[in-house]
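Q: I'm new to this one and would like a close look at a single part of it. Could you pick one spot, walk me through it, and then show me how it fits with the rest?

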Amino acid sequence: MLPVGQKTMLALASLAGVMTIGTLVYMLVAPPASLHRTRDGVAYFTPPVISPIDGRALNVERLAAYYKGNIAAGRRAVETRPVATGNRH
């Protein structure tokens, strides 16, 4: 016969195990929509696309952010040439 403390701990551990397995099964059977696409609507694991201008690979997530109006996030994805920085005299 187990003491009361061990019975309680066994019950809590069993409950946690059942809840964990139940959650994993639920996520595999009916995953929420947020697991399919990013907030910009791009599917996860989307491969990069090739730029028709210079043939470089472009990140689709950054392109989507750029065309949705977040220019700072996507600027590097759609540049045709690197921007020179610094002072030239």
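**A close look at Ser51**

A: Let's go to Ser51, which sits in the loop between β1 (49-50) and β2 (57-58). Keep in mind that this is a predicted model. Is Ser51 buried or exposed? Its relative accessible area is 9%, so Ser51 counts as buried, given that the cut-off for buried is under 20%.

Now for the company Ser51 keeps. Its side chain makes a polar contact of 3.3 Å with the side chain of Asp54. Leaving aside residues up to four places away in sequence, Ser51 also touches Arg56 and Leu58. Leu58 takes us into β2, which covers 57-58.

Let's zoom out a bit. Along the sequence, the pattern runs α-β-β-α-α, which gives three helices and two strands. Of the chain's 89 residues, 12% count as buried, and Ser51 is buried too. If you look at the contacts with a separation of 6 or more, 15% of them are between residues 24 or more positions apart.

For a contrast, hop over to Leu15 in helix α1 (residues 4-29). Leu15 counts as partly exposed because its relative accessibility is 48%. Together with Met9, Leu12 and Met19, Leu15 makes a nonpolar surface patch of about 440 Å². As for the chain as a whole, its accessible surface is about 7700 Å², and carbon and sulfur atoms account for 65% of that.

Terms used:
Residues are numbered from 1 along each chain as its sequence is written. This is a predicted model: local features need pLDDT of at least 70, side-chain atom pairs count only at pLDDT 80 or more; totals for chains, interfaces and linings use all residues. Side-chain values use heavy atoms; hydrogens and water are left out. Patches are made of residues with over 30% relative accessible area and no salt bridge: like charges are joined within 9 Å, nonpolar side chains (Val, Leu, Ile, Met, Phe, Trp, Tyr) within 5 Å. Accessible areas come from the Shrake-Rupley method with a 1.4 Å probe; for residues, only the protein chains shown count as cover. A salt bridge is a side-chain nitrogen of Lys or Arg within 4 Å of a carboxyl oxygen of Asp or Glu. Helices (H or I, at least four residues) and strands (E, at least two) are DSSP runs, numbered from the N terminus. Buried means under 20% relative accessible area, exposed over 50%, partly exposed in between (1.4 Å probe, protein chains only). Contact means heavy atoms within 4.5 Å. A polar contact is a pair of N or O atoms within 3.5 Å; within protein, one must be able to donate a hydrogen and the other to accept it, and residues adjacent in sequence count only if both atoms are side-chain atoms.
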